[in-house]
Amino acid sequence: MKIAITNIKQLVQADQQQSRIKAAGNQMAEVPVINDAYVLIEDGIITDLGKMADNPAIDHKSVVEIDASGRFVFPSFCDSHTHLVFPKTREIEYVDKIKGLSYEEIAKRGGGILNSAQSIREISENQLFEDSMKRADEIMELGTGAVEIKSGYGLDTEQELKILRVAKRLKEETPLTIKSTFLGAHAIPTKYKKDQSKYVDIVINEMLPAVAKENLADFVDVFCDKGFFNIESTDRILEAAAKYGLVPKIHANELDYSGGIQTGIKHNALSVDHLEYTGDEEIEALKSSETMPTVLPGAAFFLNLPYAPARKMIDAGLPVAMASDFNPGSSPSGNMQLILSMASILFKLTPREAINATTLNSAYAMDVSQNLGSISKGKTANLFITREMPGMEFMPYYYGSNKVDKTILNGELK
Ligand code: NIG
Ligand code: FE
């Protein structure tokens, strides 16, 4: 299928050179744009882009033309951190939270992740797929084109495999680009509470080989934090996963200065995520690494956590990615438009910095930025056309409503 999008008011993140795979420090303020632009798409790939004045050659017999007058075209969001395949929502805990219980207190009472680990046993793989498919459809409507999905609500081999198989089916049956992450070390099941090393043995000796055998994961994750997995356990899991070629993306420093960031860097993690407790030492360590610091505004907002110092990281020259953390406990929304707004309002990123955080840098954080995250010749045609808007800044500014009008994924109109 050939598509020409013409008369675009502004083409956003139009990367002529295609050389950027991430943006750090001052570069985060740079979002290349073309006013009064066109984009040509053929067989799923962006084949040309430029100014309307340069008269793009459109053969109307074979090309579907979409007139985007008054509208903007953005690259689809890349959501590099989600738990989208989950069994049930947990609104009871939401009420507990409003009444004053903390995330850790809820977890200690057997709520939180352990609660989901119970309900995953009560849902069939098919039903889990159907429910997850609805969420996948919802995020596509909201402009997401690529998503990372973690396991971590199974906490035993059978259930972890079930989640990852559902993620694999979503990969096959939706136009989303999906990367999967094995997160067997998401919480310590109650019977191993006193000796997490016994549970870690199971993660390493049973779960990892089974996941690798079915080739179900691209990455490995550990919730390395106070009250969850310690550094020793994290080291053990990441070393074992490396033997299967699984690159780490880890949950770090959400609840304390846990050493999770440094542990991730030591293992060449693709990203370290959450980062509410990030000080000068952690920022220094990140500066000498290729690891993408990833902030999850939805979780900090929903749990009333201190905000990760994203502004400080960028001012120190670091890149920052932002993702939704879509999950039933700490961030029950996969709406990346909302993340864009939170990036600006709560984390003080300019709209342009926020766009880089949710497109190019989040693409890097899930290892797809060679192909996605910007609108460049040769990249996969994952983009959306907005409704009529006065300016690019309207996108984060006019929060709470869907500004995406049409979505194109892999060169096909959704
Ligand atoms: O990223 N922090 C750990 N894990 C998830 C929460 C999962 C849940 O509560 O269900 C997170 O916030
Ligand atoms: Fe998470």
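Which residues coordinate the iron ion (ligand 2)? The views below address this point in a predicted model, in which local features need pLDDT of at least 70, side-chain atom pairs count only at pLDDT 80 or more, and totals for chains, interfaces and linings use all residues. Residues are numbered from 1 along each chain as its sequence is written, and side-chain values use heavy atoms, with hydrogens and water left out.

**View 1. Coordination of the iron ion (ligand 2).** H81 (NE2), H83 (NE2), H251 (NE2) and D325 (OD) coordinate the ion at 2.1 to 2.3 Å. Donors are N, O and S atoms within 2.8 Å of the metal (3.2 Å for Na, K and Ca); water is not among the atoms, so sites may look incomplete.

**View 2. Placement of the iron donors along the chain.** The donor spacing is H-x1-H-x167-H-x73-D. H83, in the loop between strand 6 (77–79) and helix 1 (91–98), and H251, in strand 10 (residues 247–252), are 168 residues apart and link distant parts of the chain. Helices (H or I, at least four residues) and strands (E, at least two) are DSSP runs, numbered from the N terminus.

**View 3. Polar side-chain atoms at ligand 1.** An oxygen atom of ligand 1 lies 2.6 Å from a polar side-chain atom of Y103, and an N or O atom in the side chain of Y153 is 2.6 Å from an oxygen atom of ligand 1. For H251, the corresponding distance from a polar side-chain atom to a ligand 1 oxygen is 2.9 Å.

Notes
Chains are lettered from A and ligands numbered from 1 in the order in which they are written. A polar contact is a pair of N or O atoms within 3.5 Å; within protein, one must be able to donate a hydrogen and the other to accept it, and residues adjacent in sequence count only if both atoms are side-chain atoms.
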